[in-house]
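Here are some short exercises to work through with the model open beside you. Try each one yourself before reading the solution.

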Amino acid sequence: MMSANSVHFIVFANEKGGTGKSTTAVHVAIALASAGRRVAALDLDSRQRTTARYIENRDATCRKVGVTLPTVRHGTFKGSTTEDLEEQIATLSEGMEFIVIDTPGRDDPYARLAASRANTLVTPMNDSFVDFDLIGQVDPDSYKVKRLSFYAELIWDARKERAKRDGGTIDWVVLRNRLQQLEARNMRRVGSALDELSRRVGFRVIPGLSERVIYRELFPSGLTLLDFAQIPEVGLGHIAARQELREMIAALALPDAVTRAA
């Protein structure tokens, strides 16, 4: 058995909704499972349960179709204290190499605890200054970063808490999700602002998943872009999307990184 301390925690956290956080979390978890890793997933949003529902849909598809697909141990947080969360994390982590935690789009004690436990903290954001405002404010004329926003300060506190607790560090990754297919001036401005802020705050910026209808279509069946054998019609867009996923996993630079999804 592995202790919770030996598990690599990948925490998806963002106080803003609509950034593709849960979709990305599930795809990362399944990609790791497809590579033969022992993975658990915990959904902290006990109301919406998007990640949990995605995996439940996947289990139901396996039963319905009679196939065995790579999957993960999963749970939804049902407690009422941070001690309850610590206990559930410890139980879910037993024997696992990775645990993927999807936090709700709000600030609460459970999301803060999860952030402080992260080895890799992933903050997906849409490519807009609306989302950028969560971590930094920019001058409206020059688009230069003026100051940090509340979420960057929250992660700074989580990093201090982690260092104080066990001397560990948090690799904070800002994921540019739902990129449009054609580069626009706004994309370049957001990219420049992210690069500037990353040097000040200490996070990495990597490309995520583009805006594609396929992600919404796959949710009811629980399938991912790694399940081509189960997708009725595979087109060039699917192939390009799977390549994006592979590149994103590689860029996360996880231990024994999975650079090629099955």
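**Exercise 1.** Which side chain does a polar contact of 2.6 Å join to that of Asp102?

*Solution.* Start with the ground rules: this is a predicted model, in which local features need pLDDT of at least 70, side-chain atom pairs count only at pLDDT 80 or more, and totals for chains, interfaces and linings use all residues. Residues are numbered from 1 along each chain as its sequence is written, and side-chain values use heavy atoms, with hydrogens and water left out.

Now look for a polar contact, meaning a pair of N or O atoms within 3.5 Å; within protein, one must be able to donate a hydrogen and the other to accept it, and residues adjacent in sequence count only if both atoms are side-chain atoms. The partner at 2.6 Å is the side chain of Thr51. Asp102 also has a side-chain polar contact of 2.9 Å with Lys21.

**Exercise 2.** Place Asp102 in the fold and decide whether it is buried or exposed.

*Solution.* First, find the element: Asp102 belongs to strand β4, residues 98–102. Helices (H or I, at least four residues) and strands (E, at least two) are DSSP runs, numbered from the N terminus.

Next, check the accessibility. Asp102 is buried because its relative accessible area is 2%, where buried means under 20%, exposed over 50% and partly exposed in between (1.4 Å probe, protein chains only).

Finally, list the surroundings, taking contact as heavy atoms within 4.5 Å. Beyond its neighbours within four places in sequence, Asp102 touches residues including Phe12, Ala25, Leu42 and Asp45.

**Exercise 3.** Describe strand β5 and find its pairing partners.

*Solution.* Begin with burial: in β5, residues 120–126, 7 of 7 residues are buried. Thr120, Val122, Pro124 and Asn126 point one way, while Leu121, Thr123 and Met125 point the other.

Then turn to pairing, which requires that DSSP finds at least two bridges between two strands. Strand β1 (residues 8–12) runs parallel to β5 over 3 bridges, with Val11 opposite Leu121. On strand β8 (residues 171–177), the parallel pairing with β5 spans 7 bridges, and Asn177 faces Asn126.

End at Asn126, which counts as buried because its relative accessibility is 17%. Its C-alpha atom is separated by 9.7 Å from that of Ser210, 84 residues apart along the chain.

**Exercise 4.** Where in the protein chain is confidence highest, and where is it lowest?

*Solution.* Use pLDDT, the predictor's confidence in each residue, from 0 to 100. The protein chain averages 87, and 91% of the residues score at least 70. Strand β2 (residues 39–43) is highest at 98, and helix α8 (residues 213–218) is lowest at a mean of 82.
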